Amino acid sequence: MLKLINFAHSEIFMIGTFAALFTMHGLGIDHAIGGFALVGALLLCALAAAAASGGAAVVLERVAYRPLRKRGASRLAALISAIGASFFLQEVFALRYGRDTLSFPRILSKTVLFHIGDGAVRTDKVLVVVAALVMMFVLDRFVAATRLGRGIRATAQDPETAVLMGVNIDRVVMLTFLLGGIMAGGGALMYGVLLEQTRFDVGFVLGIKAFTAAVLGGIGNLRGALVGGFALGLIEAYGSSVWGTQWKDVIAFVVLVVVLMFRPTGILGEALERARA
Amino acid sequence: MLLELDDVRVHYGKVEALKGVSLTVEEGEIVSLIGANGAGKSTTLKTISGLRKVSSGHVRFAGEDIGHMPGHRRVERGICQAPEGRGIFPGMSVVENLEMGAYARRGSVRGDTEDDFDRVFQLFPALADRKSQTGGTLSGGEQQMLAIGRALMARPRLLLLDEPSMGLAPKLVSQIFEIITEINGQGTTILVVEQNAAQALARAHRAYVLETGRIVKSAPARSLLEDDDVRAAYLGGRIGT
Ligand SMILES: Nc1ncnc2c1ncn2[C@@H]1O[C@H](COP(=O)(O)OP(=O)(O)O)[C@@H](O)[C@H]1O
Ligand SMILES: [Mg+2]
């Protein structure tokens, strides 16, 4: 959004998975539950993950980005600072919670609802897809229609003119990070429910994939990122069925490299450029 | 006195762009600041808006020293600028750009800006036909109108205009300056920066001439129109109106 990709976002996400996991432990959940208890527990976990990730993102902006922004440092400097912050956070979590994979309790029973062809449609997947779509929709509306959303877009398009309109850039950047962190926290809980595991470096491959999806869709373009995510998912799924599942991550990297080489503006990049021209 | 710059110095790294600029703008005036490319006109306006830091000197607005106030708070005080190059948000529609102009009016409820939209569309009927068009698809003249209209949405006490005539055909330039006079007639104080001096001098009450970071002349605008040096340097030896 701010012409700045937060490469430490993967660690913000990782923190969210840990927060979700500890909340489940704290609630004493060790078996699948249902009904109101399930809804309440999921909401609590979401809240905890969003708070942890959102808070971490705000702190990250303060210590790793703002000092550089104030000095007008280059984007490369911001990138290096972010990578530093990434390693720092990973190592802190590795030292504190070990380098082994931690598993989540199964919070909801994963029953097959119905089949489409060979694919089984399970409750947890339906839940996650619906929740993700709701989050995307809310974020999209928020950025499009609220005062803060307008401030974010103005800052992204032209920060100096945004100040001339009375936008408090520091505040907008902070709130953008907070928003991004909250979204990451939501995603972290979904990941926990779906894959039932986490580790200090869980964010890394996901970060690369998120970046690939964003590049596919055209950087800085919310709807593009959604389309890019779907495209990457389909390419991965198709590739895995042809060459085998173990090639899935390789396929994602190849897509990233190919797109960066041939279409750095992304699939939707051109339409976006035209809209801006 | 609405605005006063007192011996203001501004640096870009080691280069001194403003070398002790002093000027004043009284409530209700149109004041022109003319000067060649690179004289420091934009830097002066950016300093008033808080986009550039003063190294020394004072900026006073309505009796308050605002020299170190963050830019967004100066907008809340009533200083609005239509910047050089217009600064239209290319991905936003005409209406959204205008809404951005009212961003600083925090307390305003939704319906509150309706009168302001009416006023802007009355001043610039061309914008009324393009409400949902994105800023990036407007012509240069339309973008300039949008930039001025957007600044008006904040109901400024002081309107800063940085080269509103830039890149426009002569007929459009006179039209824009007519509207600037009209806005001033409605009670807004205006400080306009121009390289293209003829219109700026014909429409202003007073004017300053800026050369390489220094004010070299200050006089009623009409008398500068007849000043030989000014005519040679900024009017191509010829007076246009
Ligand atoms: N961002 C910048 N960095 C370094 N020097 C600048 C910058 N902006 C302007 N300058 C220099 O400051 C001087 C005044 O520039 P400016 O205020 O833009 O002049 P004007 O608006 O009168 O054309 C020029 O010498 C210009 O090169
Ligand atoms: Mg200029």
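Glu84(B) has a relative accessibility of 37% and therefore counts as partly exposed, where buried means under 20% relative accessible area, exposed means over 50%, and partly exposed lies in between, computed with a 1.4 Å probe on protein chains only. In this predicted model, local features need pLDDT of at least 70 and side-chain atom pairs count only at pLDDT 80 or more, whereas totals for chains, interfaces and linings use all residues. Residues are numbered from 1 along each chain as its sequence is written, chains are lettered from A and ligands numbered from 1 in the order in which they are written, and side-chain values use heavy atoms, with hydrogens and water left out.

**The magnesium site**

Through its OE atom, Glu84(B) coordinates the magnesium ion (ligand 2), and Ser42(B) does so through OG, at 2.0 to 2.4 Å. Donors are N, O and S atoms within 2.8 Å of the metal (3.2 Å for Na, K and Ca), and because water is not among the atoms, sites may look incomplete. Ser42(B) lies in helix α1 (residues 41–49) of chain B and Glu84(B) in the loop between β6 (79–82) and α3 (94–101) of chain B, so the pair ties together parts that are 42 residues apart in sequence. Helices (H or I, at least four residues) and strands (E, at least two) are DSSP runs, numbered from the N terminus. Ser42(B), at 14% relative accessibility, counts as buried.

**The interface of chains A and B**

Contact, meaning heavy atoms within 4.5 Å, involves 23 residues of chain A and 26 residues of chain B. The area buried between the two chains is about 2,300 Å², with carbon and sulfur atoms giving 57% of it; buried area is the accessible area (1.4 Å probe) that two parts lose on being put together, summed over both. On the side of chain A, the residues that lose the most area to chain B are Arg147(A), Leu164(A) and Met165(A), together 32% of what that side buries.

The interface also holds 3 salt bridges, a salt bridge being a side-chain nitrogen of Lys or Arg within 4 Å of a carboxyl oxygen of Asp or Glu. There are 6 residue pairs in polar contact across the interface, both residues being at pLDDT 80 or more. A polar contact is a pair of N or O atoms within 3.5 Å; within protein, one must be able to donate a hydrogen and the other to accept it, and residues adjacent in sequence count only if both atoms are side-chain atoms. In chain A, α4, α5 (147–157), α6 (159–164), α7 (169–195) and α11 (269–276) each supply at least two residues of the side that touches chain B, and α5(A) gives the most, with 6 residues.

Arg153(A), which is placed in helix α5 of chain A, forms a salt bridge with Glu96(B). Arg153(A) is buried, with a relative accessible area of 14%, and, not counting residues up to four places away in sequence, touches Val143(A), Ala144(A), Met92(B) and Glu96(B). A polar atom of the Arg153(A) side chain lies 3.2 Å from the backbone oxygen of Ala144(A).

**Helix α4 of chain A**

Helix α4 (residues 123–145) of chain A has 23 residues and reaches 33 Å from its first C-alpha to its last, close to the 33 Å expected at 1.5 Å a residue, the expected span being 1.5 Å times one less than the number of residues. Among the buried residues of α4(A) are Asp124(A), Leu139(A) and Val143(A).

**Salt bridges over all chains**

Side chains of opposite charge can pair when their charged atoms come close. The count comes to 24 salt bridges over all chains, and the table gives some of them.

| Salt bridge | Closest N to O distance |
|---|---|
| Glu96(B) and Arg153(A) | 3.0 Å |
| Asp170(A) and Lys70(A) | 2.9 Å |
| Arg122(A) and Asp124(A) | 2.7 Å |
| Arg105(B) and Asp116(B) | 3.2 Å |

The pair of Asp170(A), in helix α7 of chain A, and Lys70(A), in helix α2 of chain A, links distant parts of the chain, 100 residues apart. Asp170(A) is partly exposed, with a relative accessible area of 22%, whereas Lys70(A) is exposed, at 54%. Both residues belong to a network of salt bridges that also links Glu61(A), Arg66(A) and Arg69(A).

Arg122(A) counts as partly exposed at 25% relative accessibility, while its partner Asp124(A) is buried, with a relative accessible area of 0%. Both Arg105(B) and Asp116(B) are buried.
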